[in-house]
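Here are a few warm-up exercises to work through with the coordinates open. Try each task yourself before you read the solution.

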Amino acid sequence: MTAHPDSPASRLHPPASRVGVGYDSHRFAPPGPLVLGGVPIPSDFHLEGHSDGDAVAHAITDAILGAASAGDIGELFSDRDAANKGRDSIEMLRAAVVRVAERGWHVQQVDVAIIAEQPRVVPYRELMRARLSDALGVRVEDVSVKGKTNEGMGWIGRGEGIACIAVATIVSTT
Ligand SMILES: [Zn+2]
């Protein structure tokens, strides 16, 4: 039975799809390698953080959690919890996918921008898309990864760290 468009039940019914945004940044520190989008990249630096510092995975995790109004990565994986030290961020992303699924959503599509002067993203992009799509349970073509520099400006321009912005669409499974 379909609820009348003006009924309270209709107004309460969740929309068929939602969008979420995630942002993350990490500082570079020696030694390498660094991990981005679940892919180890040869470098003299890694990304500092309690986990493996994978800013791509973290931004996507927050985007899908945000889309489902299901909290954020800091709530799911506290940096005060020793169990999260050096943690594989792809594993954290998988846990977020499960949390979102429990609330009746599945991920449809993800787009992420990596903003850094180094490393160059293009040589690793297809590997990242493969790892991320596997973790998200979507097709490779549903994951977009783009690299941008900050044109030498500010802390990113000075090579101090990396920033990532991700947008995710989730669709209702009910
Ligand atoms: Zn992070």
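**Exercise 1. Is His58 buried or exposed, and what does His58 bind?**

Step 1: start with the accessibility of His58, which comes to 6% in this predicted model. The cut-off for buried is under 20%, so His58 counts as buried.

Step 2: look at what the ring is doing. His58 offers ND1 to the zinc ion, alongside Asp24 (OD) and His26 (NE2), at 2.0 Å.

Step 3: read off the spacing of the donors along the chain. The pattern is D-x1-H-x31-H. His26 sits in strand β1 and His58 in helix α2, 32 residues apart, and this pair links distant parts of the chain.

Step 4: check the other histidine. His26 has a relative accessible area of 13%, so His26 is buried too.

Step 5: a word of caution on the donor list. Water is not among the atoms, so the site may look incomplete.

**Exercise 2. Stay in helix α2 and find what Thr61 is in contact with.**

Step 1: place the residue. Thr61 is found in helix α2, and its relative accessible area is 0%, so Thr61 is buried.

Step 2: skip the neighbours within four places in sequence and list what remains. Thr61 is in contact with Ile73, Met92, Leu93 and Ala96.

Step 3: now try Val97, in helix α4 (residues 89-102). At 18% relative accessibility, Val97 also counts as buried. Leaving out residues up to four places away, Val97 touches Ile64, Ala135 and Leu136.

Step 4: add a distance. From Val97 to Glu117 there are 20 residues along the chain, and their C-alpha atoms are separated by 30 Å.

**Exercise 3. Which residues does Ile156 touch?**

Step 1: find Ile156 in helix α6. Its relative accessible area is 6%, so Ile156 is buried.

Step 2: collect the contacts, again ignoring residues up to four places away in sequence. The list for Ile156 is Ile115, Ala116, Glu117, Asn150, Gly161 and Ala163.

Step 3: get a distance across the chain. Ile156 and Ser69 are 87 residues apart in sequence, and 30 Å separates their C-alpha atoms.

**Exercise 4. Hunt for backbone oddities: where are the cis peptide bonds, and what is phi at Ser69 and Glu151?**

Step 1: scan omega. The bond from Gly32 to Pro33 is cis, with omega near -5 degrees. Pro33 lies in the loop between β1 (17-29) and β2 (34-36).

Step 2: keep scanning. A cis bond also runs from Gln118 to Pro119, where omega is near -10 degrees. Pro119 belongs to the loop between β5 (105-115) and α5 (125-136).

Step 3: switch to phi. Ser69 is not a glycine, yet its phi is positive, about 50 degrees. Ser69 is in the loop between α2 (55-67) and α3 (73-76), and with a relative accessible area of 54% Ser69 is exposed.

Step 4: do likewise for Glu151. Its phi is near 55 degrees, a positive value in a residue other than glycine. Glu151 falls in the loop between β6 (143-148) and α6 (154-157) and is exposed at 66%.

**Exercise 5. How many helices and strands does the protein chain have, and how does its radius of gyration fit a compact globule?**

Step 1: count the elements. You should get six helices and seven strands. From the N terminus on, they run α-β-β-β-β-α-α-α-β-α-β-α-β.

Step 2: apply the globule rule. For 174 residues a compact globule would come out near 16 Å, and the protein chain has 17 Å, which agrees. Its C-alpha trace spans about 60 × 35 × 30 Å along the principal axes.

Step 3: look at burial and contact range. Of the 174 residues, 42% count as buried. Among contacts between residues at least 6 apart in sequence, 72% join residues at least 24 apart.

Step 4: finish with surface and charge. The accessible surface is about 9200 Å², and carbon and sulfur atoms account for 54% of that area. The chain has 17 positive and 22 negative charges, and the mean positions of the two sets are 3 Å apart.

Conventions. Residues numbered from 1 in each chain as written. Predicted model: local features only at pLDDT ≥ 70, side-chain atom pairs only at ≥ 80, totals over all residues. Heavy atoms only, no water. Helix = DSSP H or I, 4+ residues; strand = E, 2+ residues; numbered from the N terminus. Buried < 20%, exposed > 50% of the residue type's maximum accessible area, 1.4 Å probe, protein only. Donors = N, O, S within 2.8 Å, 3.2 Å for Na, K, Ca; no water. Rg over C-alpha atoms; globule rule 2.2 N^0.38 Å. Contact = heavy atoms within 4.5 Å. Areas by Shrake-Rupley, 256 points an atom, 1.4 Å probe, with all protein chains shown as cover. Lys, Arg positive; Asp, Glu negative; His and termini not counted. Charge placed at Lys NZ, Arg CZ, Asp CG, Glu CD.
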